[in-house]
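Trainee: I would like to go through this structure slowly, asking one thing at a time.
Mentor: Then let us put it in front of us and begin.

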Amino acid sequence: MDERNAVVAVYSTHIGAEEAVKKLQHAGIDMHALSIVGKDTHTDEHVVGYYNTGDRMKYWGKAGAFWGGLWGMLFGAAFFVVPGIGPLLVAGPLVAWIVGALEGAVVVGGLSAVGAGLFSMGIPKDSVLQYEMELKTDKFLVAVHGTGAEVEEARKILEGTEPFRVTLHSAEAVSAATR
């Protein structure tokens, strides 16, 4: 896709992020275009482990139902330990962008691997830095990429889920800013 449009919603809890994903799915948003990133630090129990079974990643721990349910809906799952941010769970196409940034040795000044993945998704560096800070403070990101119309539809749905913040990143704004 030449057009890089995305909408990112920030949630304070995994419950809010999960509700957003369910509403997007119910509205018919393409699950191949949806990613979620977050930490599991809101628990008294430490994670016991993660493992891969064929095309599904499993999670043992208190939030297993949350992550297991998301990994069943979304395409691609990974666990990254990101210096400066800590351990992150990622589901959706953002996994491929992060891995692509790591494999291609893409270095975007001052960004983590997750930040480079978000940047590759079409999100401006200043916004990526803000999202990295939000991940450090245990928030969850729900991101949808696609055409301008698709991300606008997703934005409307996400705004109805009471996120901490929703930001639309359009290809037109990015190309205007780089001219």
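**A hairpin and its surroundings**

Mentor: In this predicted model, β5 and β6 form a hairpin with 3 residues between them, and G84, in the turn, has a positive phi of about 90°.

Trainee: In which sense do β5 and β6 pair, and over how many bridges?
Mentor: Strand β5 covers residues 77–82, and strand β6 covers residues 86–91. One pair of residues to look at is F79, which stands opposite L89 in β6. The two strands pair in the antiparallel sense, and the number of bridges is 6.

Trainee: Which residue in β6 is the bridge partner of I36?
Mentor: Strand β6 also pairs with β2, which runs over residues 34–38, and this pairing is antiparallel over 3 bridges. Looking in β6 for the bridge partner of I36, we find A91.

Trainee: Is strand β6 mostly covered or mostly open, and how many of its residues are buried?
Mentor: A residue counts as buried when its relative accessible area is under 20%. By that cut-off β6 is mostly covered, and of its 6 residues the number buried is 5.

Trainee: Which residues have the most contacts inside the largest nonpolar core?
Mentor: In soluble globular proteins, nonpolar side chains tend to be buried together. Here the largest nonpolar core has 23 residues, and β1, β5, β6, α3, α4, α5 and β7 each supply at least two of them. Those with the most contacts inside this core are L118, I123 and L141.

Trainee: Leaving aside its neighbours within four places in sequence, which residues is L118 in contact with?
Mentor: For this step, contact means that heavy atoms lie within 4.5 Å. Once the neighbours within four places in sequence are set aside, the residues in contact with L118 are L94, I123, V128, Y131 and L141.

Trainee: How many residues does another core have, lying apart from the largest one?
Mentor: Among the residues of this other core are V7, A20, V144 and A154. Counted in full, its number of residues is 20.

Trainee: Which residue lies over the face of F164?
Mentor: A search of the whole structure for aromatic pairs finds 0, but a charge over a ring is a separate matter, for which the charged atom must be within 6 Å of the ring centre. At 4.9 Å from the ring centre of F164, the residue over its face is K139.

Trainee: What percentage of the residues in the protein chain is buried?
Mentor: The chain has 7 helices and 8 strands, and its residues number 179. Of these residues, the buried ones make up 49%.

Conventions. Residues are numbered from 1 along each chain as its sequence is written. This is a predicted model: local features need pLDDT of at least 70, side-chain atom pairs count only at pLDDT 80 or more; totals for chains, interfaces and linings use all residues. Side-chain values use heavy atoms; hydrogens and water are left out. Rings of Phe, Tyr and Trp (its six-membered ring) pair if their centres lie within 6.5 Å; planes under 30 degrees apart count as stacked, over 60 as edge-to-face and the rest as tilted. A charge sits over a ring if NZ of Lys or CZ of Arg is within 6 Å of the ring centre and within 35 degrees of the ring normal. Buried means under 20% relative accessible area, exposed over 50%, partly exposed in between (1.4 Å probe, protein chains only). Helices (H or I, at least four residues) and strands (E, at least two) are DSSP runs, numbered from the N terminus. Two strands pair if DSSP finds at least two bridges between them. A nonpolar core is a set of buried Ala, Val, Leu, Ile, Met, Phe, Trp, Tyr and Cys residues joined through side-chain atoms within 4.5 Å.
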